[in-house]
Amino acid sequence: MMEEKVIKRSPKKIIWNTLFGLASVLFFLLPLYYLHSYSEKGTGLHTISLLLILLVLFCAGVVVYQTYRLLSSDNEYLRCTVEGFYYKQNPKKPSRFYAWSDVEDFSFSRIRGKYRDSYRIEVYFKNKENVKSQSFLALLKRRILPFHSSADLIIPIFLLDVGLPERVYEAMKYYEREWRIEQNRQARKQTKQASKSKSSKPS
């Protein structure tokens with residue numbers, strides 16, 4: 001039996017991404033602290049700067065919390081098999097299985113950003129029941145946002161233990177191709193057996 005391909009989150013990339021996020025928070029926090037310290041108490045500027053400081057600290061707390069969740073959970077993110085793939089969207093919830101027989105098409109997408117590009121895999125299903133199983137927020141984005149992808153499932157390629165983002169798509173494509181080869185082999189076998197049984201019947 002063919003081995004499964006497991007793609008995991010990278011703890012090293014998660015930590016570096018967190019440090020970069022906290023450095024960005026500090027970059028915004030220092031001028032706000034300076035503004036708050038040298039503004040007169042009771043003025044609007046003093047109050048607004050305080051609220052902004054609290055907002056930045058809240059963002060820092062969210063970054064630390066999300067990092068803790070990722071590092072304390074199972075690192076498995078995507079597992080490819082000949083029958084389908086397992087995708088673990090939430091690190092604290094079990095993976096969900098998607099069969100290749102339900103997949104109509106999937107593609108690799110690169111979104112260019114101002115400072116950094118993002119990558120993802122867009123999956124389209126034959127059976128739309130797979131779409132209904134997604135979170136309410138994901139379904140709301142697909143309906144409301146005009147620029148949001150029409151894909152039934154979006155798999156972000158971010159903070160994963162892979163050399164290049166394309167490797168994730170290549171792994172999925174390889175196992176999906178192996179599934180199709182096996183399906184064709186089984187179909188030929190059944191056709192051959194059916195023709196044999198038909199020819200063995202007395203006329």
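Buried means under 20% relative accessible area, exposed means over 50%, and partly exposed lies in between, with a 1.4 Å probe and protein chains only. Keep that scale at hand for the exercises below.

This is a predicted model, in which local features need pLDDT of at least 70 and side-chain atom pairs count only at pLDDT 80 or more, while totals for chains, interfaces and linings use all residues. Residues are numbered from 1 along each chain as its sequence is written, and side-chain values use heavy atoms, with hydrogens and water left out.

**Exercise 1. Find where confidence is lowest and where it is highest in the chain.**

Step 1. Start with the overall score. The predictor's confidence in each residue, pLDDT, runs from 0 to 100. Its average over the chain is 84, and 86% of the residues score at least 70.

Step 2. Go to the elements. Helices (H or I, at least four residues) and strands (E, at least two) are DSSP runs, numbered from the N terminus. Helix α4, residues 136–144, has the lowest confidence with a mean of 53, whereas β3 has the highest at 95.

Step 3. Read with care: where pLDDT is low, predicted coordinates should not be read in detail.

**Exercise 2. Classify V64 as buried, partly exposed or exposed, and identify the patch it belongs to.**

Step 1. Locate V64: it sits in helix α2. Its relative accessibility is 44%, so V64 is partly exposed.

Step 2. Name its companions. V64 joins I15, W16, L19, L22 and L71 in a nonpolar surface patch, and together they have about 560 Å² of accessible area. The areas come from the Shrake-Rupley method with a 1.4 Å probe, and for residues only the protein chains shown count as cover. Patches take residues with over 30% relative accessible area and no salt bridge, joining like charges within 9 Å and nonpolar side chains (Val, Leu, Ile, Met, Phe, Trp, Tyr) within 5 Å.

Step 3. Assign the patch to elements. Both α1 (11–38) and α2 (44–72) supply at least two residues each, and α1 gives the largest share, four residues.

**Exercise 3. Describe the largest nonpolar core and follow the contacts of L78.**

Step 1. Fix the term. A nonpolar core is a set of buried Ala, Val, Leu, Ile, Met, Phe, Trp, Tyr and Cys residues joined through side-chain atoms within 4.5 Å.

Step 2. Pick out the hubs. The largest core has 23 residues, and those touching the most other members are L78, F85, I155 and M172. Two or more residues come from each of β2 (76–80), β3 (84–87), β5 (103–111), β6 (118–125), β7 (153–157) and α5 (166–200).

Step 3. Trace L78. Contact means heavy atoms within 4.5 Å. Beyond its neighbours within four places in sequence, L78 contacts K5, V6, I7, F85, Y86, Y87, I155, V168 and M172.

Step 4. Look for another core. A second, separate one holds six residues, including V25, L29, L32 and V56.

**Exercise 4. Work out which parts of the chain the R79–E4 salt bridge ties together.**

Step 1. Set the criterion. A salt bridge is a side-chain nitrogen of Lys or Arg within 4 Å of a carboxyl oxygen of Asp or Glu. The whole structure has nine of them.

Step 2. Examine the pair. R79 and E4 meet through their side chains at 3.3 Å, N to O. R79 lies in strand β2 and E4 in the segment before β1 (5–8), so the bridge ties together parts 75 residues apart in sequence.

Step 3. Check the surroundings. R79 is buried at 19% relative accessibility, while E4 is partly exposed at 43%.

Step 4. Set a second pair beside it. E170 and R167 form a salt bridge at 3.4 Å, N to O. Both lie in helix α5, three residues apart, about one turn of the helix. Shared partners, meanwhile, join E4, E76 and R79 into one salt-bridge network.

Step 5. Place E76. This residue is in strand β2 and is buried at 14% relative accessibility.

**Exercise 5. Characterise L159 by its phi value, place and accessibility.**

Step 1. Read the backbone. Phi of L159 is near 60°, a positive value in a residue other than glycine. Most residues other than glycine have a negative phi.

Step 2. Add the setting. L159 is in the loop between β7 and α5, and its relative accessible area of 15% makes L159 buried.
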